[in-house]
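Work through the exercises below with the model open. Each task is followed by a stepwise solution.

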Amino acid sequence: VPARIAAIALLLACCSGCFRLQPSAGGGQVRFTPPRAVHPEAVAVPSGYRVDVVATGLTFPTGVAFDDAGRVYVTEAGYSYGEVWTTPRVLRIDGPSAHTVVATGARNGPWNGLDFHDGALFVAEGGALEGGRILRVTLDGEVGIVVDGLPSQGDHHTNGPVAGRDGWLYFGQGTVTNAGIVGADNADFGWLRRQPRLHDVPCHDVALTGERVRGPDALGAGRGAVETGAFAPYGTALPPGSVVRGAVPCNGAVLRVRPRGGAVELVASGFRNPFGLAFGPNDRLFVADNGYDDRGSRPVHGAGDLLWAVHPGAWHGWPDFSGDRALDDGDHFVPPGRAAPRPLLARHPSRPPRPAAVLGVHASANGLDFARGPDFGFAGQAFVAEFGDQAPAVGKVLGPVGFKVVRVDVTTGVVADFAVNRGSANGPASRIGGGGLERPIAARFDPSGTALYVVDFGVLGMTAAGAVPHRETGVLWRITRGVAR
Amino acid sequence: MTGRTAGALVVLASALVVASCGSARRSEPLVGAWRPSNAETAQGERVFMAHCHACHPGGETGLGPSLNDKPLPAFLVRLQIRNGLGAMPAFAPDELPDGDLQALVAYLRARRSSGRGG
């Protein structure tokens with residue numbers, strides 16, 4: 001009998017990886033001491049490609065764009081998880097250690113993403129304090145507001161933007177919460193104490209199941225336990241059948257506005273954090289969407305990040321689906337030791353479409369672009385920057401997820417690594433050494449289509465107390481095919 | 001289960017543990033491009049991407065354990081996929097038909113035996 005038990009136990013251990021017994025081993029769970037080493041040879045790319053360093057010493061960079069003359073611009077966010085505030089900036093990169101400050105912002109970051117259109121730069125101002133905005137920045141530094149008042153003061157912010165050939169400016173608006181219910185995890189993020197009445201706003205009217213979560217009052221307001229439901233402030237739970245009115249702008253949406261301003265229009269809904277936007281083959285809009293976390297009042301386990309071909313007008317599943325699979329479908333999204341997430345919506349607008357690809361759980365799939373001509377290779381494929389996991393805050397992982405650039409054949413959903421750190425295991429350079437990638441957050445081809453620029457946010461450590469970002473560790477990389485420039 | 005069978009399982013499991021010490025990395029930048037050699041592994045690759053890649057990115061460690069360095073017999077792989085184990089969910093025939101499962105197992109075997117990186 002002991003031999004039998006030992007055999008079964010050992011087999012189960014081999015097969016299951018002992019998820020519940022093993023500690024989290026996220027890529028950011030490492031102690032980092034500046035300065036950051038930067039060595040292009042530590043980054044592996046397919047045969048025939050090479051990696052160069054364009055700029056170092058950036059603080060929380062998030063996006064890259066090119067003007068008509070081919071000059072390179074980068075956004076610095078001005079805010080990082082960990083509640084660290086700096087000055088949001090747009091920089092023109094003049095050399096490896098030389099740049100010109102084009103524009104600066106106020107304490108309302110993060111400035112996410114960047115695009116150049118019709119002679120000006122466009123920035124998504126995350127809006128952690130004052131709400132999200134889309135900004136128009138002229139090359140001589142004049143900053144104008146295209147749209148403001150976006151619901152952006154929660155977990156996720158205003159992202160993008162990207163100009164379409166139809167004359168509209170498309171951008172993503174993330175959700176306030178992980179999975180629809182405000183909870184103690186939002187107090188950990190920092191915003192719930194600033195905005196105790198904040199909650200997600202649906203794009204369309206929604207009828208609620210009445211699902212609610214009860215727990216100790218994270219705000220310590222002397223209320224004892226509080227009950228919170230979907231699309232409601234912390235400590236408020238609406239009864240079953242309640243209808244929450246939709247509004248635009250809303251959370252978890254792809255929206256659009258004219259570059260000179262005007263009314264915001266809804267493009268599609270049901271995303272969680274549509275961070276990266278890019279137009280692919282046949283001018284189809286694609287979105288990289290950060291999937292659910294295993295945290296907070298409604299944890300979801302095992303939900304991969306999603307690459308969507310956006311279906312205009314359609315609902316894409318948040319907060320009750322991951323891709324086209326319902327969160328209460330079997331045991332697919334059950335956190336270990338917990339119950340399956342129960343639906344929040346009494347009626348779903350439709351069955352969500354199937355995503356173009358499923359990426360790693362907690363990979364934080366962010367900025368992306370598509371290879372265009374034959375010069376770079378892989379024409380028509382998406383190149384997605386994976387920021388990397390923020391375990392254990394987002395949930396446990398057995399090893400680092402992300403911290404690389406992947407390419408995706410959007411016709412088949414097949415994902416392949418394109419730029420990774422060398423070593424016996426995957427992970428950021430701060431964990432595995434070598435001086436390679438830390439946290440890729442944007443990938444964009446230059447106007448010629450021959451060089452892929454990768455924005456690397458820099459070192460973001462994760463501790464029991466939260467995120468620990470390190471200033472001046474951001475890098476802009478360039479990947480080219482063939483002979484060095 | 002006889003004592004001899006249990007002993008064999010212990011040996012098998014121990015061998016798996018030892019075999020798991022190799023690198024699970026199969027990244028194209030590290031080991032070169034991998035292409036499906038036949039229609040079955042091509043189908044298996046698509047199935048893997050739809051159902052497995054999220055937790056085992058590229059067959060490496062992620063949310064779940066690595067697969068590329070686990071020489072499990074095909075019957076155990078099928079058993080685990082159909083029934084789930086630990087934190088891994090079960091995949092029923094209505095979402096993963098037998099043909100897809102067979103192709104997936106062929107794909108996993110092909111990737112396991114392809115070049116190792118690091």
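## Exercise 1: a short-range pair

In this predicted model, the side chains of A:D67 and A:R71 form a salt bridge, at 2.8 Å from N to O. Task: decide for A:D67 and for A:R71 whether the residue is buried, partly exposed or exposed.

Solution.
1. Take A:D67. Its relative accessibility is 3%. Buried means under 20%, so A:D67 counts as buried.
2. Take A:R71. Its relative accessibility is 39%. That value makes A:R71 partly exposed.

## Exercise 2: pairs across the sequence

Task: locate the partners of the salt bridge between A:D166 and A:R256, then those of the bridge between A:D205 and A:R245.

Solution.
1. The A:D166 and A:R256 side chains meet at 3.8 Å, N to O. A:D166 sits in the loop between strand 13 and strand 14 (169-173) of chain A, and A:R256 in strand 19 (residues 253-257) of chain A, so this pair ties together parts 90 residues apart in sequence.
2. Check exposure. A:D166 is partly exposed at 40%. A:R256 is also partly exposed, at 21%.
3. The A:D205 and A:R245 side chains meet at 2.7 Å, N to O. A:D205 lies in the loop between helix 3 (191-194) and strand 15 (206-207) of chain A, and A:R245 in the loop between strand 18 (243-244) and strand 19 of chain A; the two are 40 residues apart.
4. Check exposure again. A:D205 is partly exposed at 44%. A:R245 is exposed at 60%.

Next, a network. Shared salt-bridge partners join A:D155, A:D185, A:R272, A:D293 and A:R295. Over all chains, the salt bridges number 28.

## Exercise 3: the cavities

Task: describe the lining of the largest cavity and that of the second largest.

Solution.
1. Start with the count. The whole structure holds five cavities of 30 Å³ or more.
2. The largest cavity has about 180 Å³ of space. It is lined by 16 residues, and A:G113, A:L114, A:L277, A:G367 and A:A442 are the closest to its centre.
3. Assign the lining to elements. Strands of chain A that each supply at least two residues include strand 3 (61-66), strand 9 (111-117) and strand 21 (274-279). Strand 31 of chain A gives the most, with four residues.
4. Sort by class: nine nonpolar, six polar and one charged.
5. The second largest cavity has about 140 Å³. Of its 16 lining residues, A:P202, A:C203, A:G270, A:W315 and A:W318 are the closest to its centre.
6. This second lining has eleven nonpolar, five polar and no charged residues.

How values were computed:
Residues numbered from 1 in each chain as written. Chains lettered and ligands numbered in written order. Predicted model: local features only at pLDDT ≥ 70, side-chain atom pairs only at ≥ 80, totals over all residues. Heavy atoms only, no water. 1 Å grid on protein atoms, 1.4 Å probe; cavity = no way out; pocket = protein on both sides within 12 Å on 5 of 7 lines; lining within 4 Å. Points joined across faces, edges and corners; volume = space filled by probe spheres on them. Nonpolar A, V, L, I, M, F, W, Y, C, P; charged D, E, K, R; others polar. Salt bridge = Lys/Arg side-chain N within 4 Å of Asp/Glu carboxyl O. Buried < 20%, exposed > 50% of the residue type's maximum accessible area, 1.4 Å probe, protein only.
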